[in-house]
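Let's take a walk through a protein model together, one stop at a time. Keep the sequence and the 3D view open as you read.

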Amino acid sequence: MTERAGRVSVVVPTRNVVRTLAACLDSVLAQDHPDVELIVVDNDSDDGSFEVARARAQVAVRGGPERSAQRNAGTELASGEWVMWVDSDMVLPPATVRLALATALDAGADAVSVPELSIGPGFWSDCRRLERTCYLDDPALYYPRLLRRSVLVGLGGFDATMSGPEDVDLRRRLDLSGARLAHSPAVHILHDEGRLTLAGILRKRVYYGASLPAFAAVHPGALRAQGAGTAAAFVRHRRRLLAHPVLAAGIVVMRVAEAAAYGVGYALGRRRLRATTGAPA
């Protein structure tokens with residue numbers, strides 16, 4: 001499609017997310033930027049999510065099999081000069097698109113990161129919320145949320161073999177290309193993760209871990225650097241963590257368990273890679 005200057009195409013991948021989807025899409029439609037295109041790519045939902053999307057989005061299509069492929073499909077359909085991707089459990093304050101785009105234009109940047117704040121009830125949700133606040137001041141942990149469409153297409157879009165580390169992969173490819181990433185700290189996206197449970201967290205980490213062999217093959221040493229950056233963030237914000245000792249202890253338990261779950265997923269991913277390609281992993 002022909003790109004329109006000033007238009008921002010917001011791409012939302014979905015799959016059985018009816019609990020959060022209406023709030024997410026309504027927040028996109030309520031943006032105070034004058035030209036926002038809403039595109040939803042649904043992966044065969046059977047809980048009414050696709051019907052919610054069709055009632056709200058300018059473009060609602062079916063596609064899969066995973067969110068990286070869904071984002072790529074949405075980018076192909078986008079008519080905006082800029083593409084923003086939003087998960088279906090996120091809520092955007094009304095100025096999010098406008099401020100992110102202003103950051104890009106003021107900085108002469110091709111991509112912009114926007115910080116997230118977790119919301120949701122329960123102990124593990126409180127742990128996650130505190131954990132995320134430790135990452136807000138580290139540029140190495142910023143990942144693109146808004147990107148010039150031509151740059152994204154030129155990079156080949158998201159790596160469809162990855163589900164979990166695809167944002168980190170895109171950031172690293174963006175850096176290697178020489179494109180500039182700016183950060184927009186004036187507004188925070190609200191990430192409605194619901195009532196987190198440790199079992200649910202670990203299931204997701206096993207799933208994400210299955211993509212790590214593909215990620216490590218493309219970016220040698222990146223996993224170690226990522227872990228070191230996370231640890232440094234905790235050390236840097238140790239006073240904040242110590243001010244909430246129970247939650248800090250929960251974060252330690254959660255991160256150790258997540259590391260083990262990633263390891264399980266990594267092993268499964270290596271086995272899958274060998275089975276499908278016959279190559280050593």
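Our starting point is tyrosine 208, which counts as buried because its relative accessibility is 15%, and buried means under 20%. Please keep in mind that this is a predicted model. The neighbour in the sequence, tyrosine 207, has a relative accessible area of 38%, so tyrosine 207 is partly exposed. How are the rings of tyrosine 207 and tyrosine 208 placed, stacked, edge-to-face or tilted? Their centres are 6.0 Å apart and their planes meet at 45 degrees, so this pair is tilted.

The structure has four aromatic pairs in total. Another of them joins phenylalanine 123 and tryptophan 124, with ring centres 4.9 Å apart. Here the planes stand at 75 degrees, so the pair is edge-to-face. Phenylalanine 123 is partly exposed, because its relative accessibility is 35%.

Rings can also have a charged partner, and arginine supplies it in two places you can look up. Arginine 62 lies over the face of phenylalanine 50, at 4.1 Å from the ring centre. In the same manner, arginine 71 sits over the face of phenylalanine 158, and the distance to that ring centre is 4.8 Å.

Arginine 71 takes us to helix α3, where it is one of the buried residues. Why is α3, which covers residues 67-77, described as largely enclosed by the rest of the structure? The reason is that eight of its eleven residues are buried. Those eight are Arg67, Ser68, Ala69, Gln70, Arg71, Asn72, Gly74 and Thr75. Try colouring them in your viewer to see how they are spread along the helix.

Now step back to the loop between β3 (59-62) and α3, where you will find proline 65. A cis peptide bond joins this proline to glycine 64, with omega at about 15 degrees. Most peptide bonds are trans, and most residues other than glycine have a negative phi. With that background, look at two more loops. Asparagine 16, in the loop between β1 (4-14) and α1 (18-29), has a positive phi of about 50 degrees although it is not a glycine. Aspartate 44, in the loop between β2 (36-42) and α2 (49-54), also has a positive phi, of about 55 degrees. Is each of these residues buried, partly exposed or exposed? Asparagine 16 counts as partly exposed because its relative accessibility is 33%, while aspartate 44 is exposed, with a relative accessible area of 53%.

A loop residue can be hidden, too. Serine 184 lies in the loop between β9 (181-183) and β10 (189-192), and at 1% relative accessibility it counts as buried. Which residues does serine 184 touch, leaving aside those up to four places away in sequence? They are Leu99, Ala100, Thr103, Val112, Ser113, Val114 and Pro115.

Our last stop is the second largest pocket, with a volume of about 280 Å³. Of the 14 residues that line it, Thr161, Met162, Ala210, Ser211 and Arg272 are the closest to its centre. Two elements, α9 (212-218) and α12 (245-277), each give two or more residues to the lining. The helix α12 gives the most, with four residues. Sorted by class, the lining of this pocket has seven nonpolar, five polar and two charged residues.

Notes
Residues numbered from 1 in each chain as written. Predicted model: local features only at pLDDT ≥ 70, side-chain atom pairs only at ≥ 80, totals over all residues. Heavy atoms only, no water. 1 Å grid on protein atoms, 1.4 Å probe; cavity = no way out; pocket = protein on both sides within 12 Å on 5 of 7 lines; lining within 4 Å. Points joined across faces, edges and corners; volume = space filled by probe spheres on them. Nonpolar A, V, L, I, M, F, W, Y, C, P; charged D, E, K, R; others polar. Buried < 20%, exposed > 50% of the residue type's maximum accessible area, 1.4 Å probe, protein only. Contact = heavy atoms within 4.5 Å. Phe/Tyr/Trp six-rings, centres within 6.5 Å; stacked < 30°, edge-to-face > 60°. Lys NZ or Arg CZ within 6 Å of the ring centre and 35° of its normal.
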